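User: Could you take a close look at one part of this model for me and walk me through how it sits among its surroundings?

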Amino acid sequence: MEGVLWYVLTGTRGGANRVRLVRAVDERPRNANQLAEDLDLDYKTVRHHLDVLMDNGIVENSGDEYGAVYLLTDRVRQHWETVEEIIEKVE
């Protein structure tokens with residue numbers, strides 16, 4: 001999981017926005033529209049990054065496609081020290 005986190009959050013284009021999304025979801029689970037507004041990002045951009053994060057097991061959603069609330073997976077919580085290290089490096 002540590003390798004996945006480093007790759008998805010720093011090794012690819014858009015990593016900085018994905019870090020912002022992970023921090024925001026950690027702060028308070030919210031839906032894609034709320035994340036777009038709170039982070040001042042385009043909704044489609046947020047959806048794309050959430051899909052990447054979901055495909056890599058970093059976030060999960062509450063189920064309902066429209067208005068689904070996103071939260072961090074238990075697996076990411078177990079590797080939170082790595083996420084914090086990445087956040088420090090990106091900022």
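Analyst: Happy to, and let's go straight to helix 2, bearing in mind that this is a predicted model. In helix 2, the buried residues are Gly15, Arg18, Val19, Leu21, Val22, Ala24 and Val25. The helix itself runs over residues 15–27, which makes 13 residues. From its first C-alpha to its last it reaches 18 Å, close to the 18 Å expected at 1.5 Å a residue.

What lies over those buried positions? The cover of the buried residues of helix 2 includes helix 1 (2–10), helix 3 (32–39), helix 4 (43–55) and helix 6 (80–90), along with strand 1 (30–31) and strand 3 (69–72).

That brings us to the nonpolar interior. In soluble globular proteins, nonpolar side chains tend to be buried together. Here the largest nonpolar core has 27 residues, and Leu5, Leu9, Val22, Val46, Leu53 and Ile58 are the ones with the most contacts inside it. At least two residues of this core come from each of helix 1, helix 2, helix 3, helix 4, strand 3 and helix 6. Helix 2 gives the most, with five residues. Val22, one of the residues with the most contacts in the core, is also among the buried residues of helix 2. Another of those well-connected residues, Val46, touches Leu21, Ala32, Leu35, Ala36 and Leu41, leaving aside residues up to four places away in sequence. One of these partners, Leu21, is a buried residue of helix 2.

Now for two of the neighbours, beginning with helix 1. Its buried residues are Leu5, Val8 and Leu9. Seen down the axis of helix 1, they fall within an arc of 85 degrees, so they line one face of the helix. An α-helix has 3.6 residues a turn, so residues three or four places apart point the same way. Gly3 and Tyr7 are exposed on the other side of helix 1. The buried residues of helix 1 pack against helix 2, and also against helix 4, helix 5 and helix 6. Leu5 and Leu9 also appear among the residues with the most contacts in the largest nonpolar core.

Helix 6 is the second neighbour, and Trp80, Thr82, Val83, Ile86 and Ile87 are buried in it. Viewed down the axis of helix 6, these buried residues fall within an arc of 155 degrees, so they line one face of the helix. The other side of helix 6 has Glu81, Glu88 and Lys89 exposed. Its buried residues pack against helix 1, helix 2, strand 3 and helix 5. Lys89 counts as exposed because its relative accessible area is 64%, and over 50% is the cut-off for that class. Lys89 and Arg18 are 71 residues apart in sequence, yet 14 Å apart in space, C-alpha to C-alpha.

The charged residues towards the end of helix 2 deserve a look too. Side chains of opposite charge can pair when their charged atoms come close. The model has five salt bridges in total. In one of them, Arg77 pairs with Asp26, with the closest N and O atoms 2.7 Å apart. This pair links distant parts of the chain, since Arg77 is in helix 5 (residues 74–78) and Asp26 in helix 2, 51 residues apart. Arg77 is partly exposed, with a relative accessible area of 41%, and Asp26 is also partly exposed, at 29%.

Next door in sequence, Glu27 meets Arg30 in a salt bridge of 3.3 Å, N to O. Glu27 is exposed, at 66% relative accessible area, whereas Arg30 is buried, at 4%. Arg30 also forms a salt bridge with Asp38, at 2.5 Å, N to O. Asp38 counts as partly exposed, with 42% relative accessibility. Salt bridges that share partners join Glu27, Arg28, Arg30 and Asp38 into one network.

Finally, the two strands in the cover of helix 2, strand 1 and strand 3, belong to an open sheet of three strands with the order 1-3-2 and antiparallel pairing. Strand 1 and strand 2 (59–61) are the edge strands, each pairing on one side only. Strand 2 and strand 3 pair in the antiparallel sense over three bridges, and Asn61 stands opposite Tyr70 in strand 3.

Methods: Residues numbered from 1 in each chain as written. Predicted model: local features only at pLDDT ≥ 70, side-chain atom pairs only at ≥ 80, totals over all residues. Heavy atoms only, no water. Helix = DSSP H or I, 4+ residues; strand = E, 2+ residues; numbered from the N terminus. Expected span 1.5 Å × (residues − 1). Buried < 20%, exposed > 50% of the residue type's maximum accessible area, 1.4 Å probe, protein only. Contact = heavy atoms within 4.5 Å. Core = buried A, V, L, I, M, F, W, Y, C linked by side-chain atoms within 4.5 Å. Salt bridge = Lys/Arg side-chain N within 4 Å of Asp/Glu carboxyl O. Arc of directions from axis to C-beta. Pairing = 2+ DSSP bridges.
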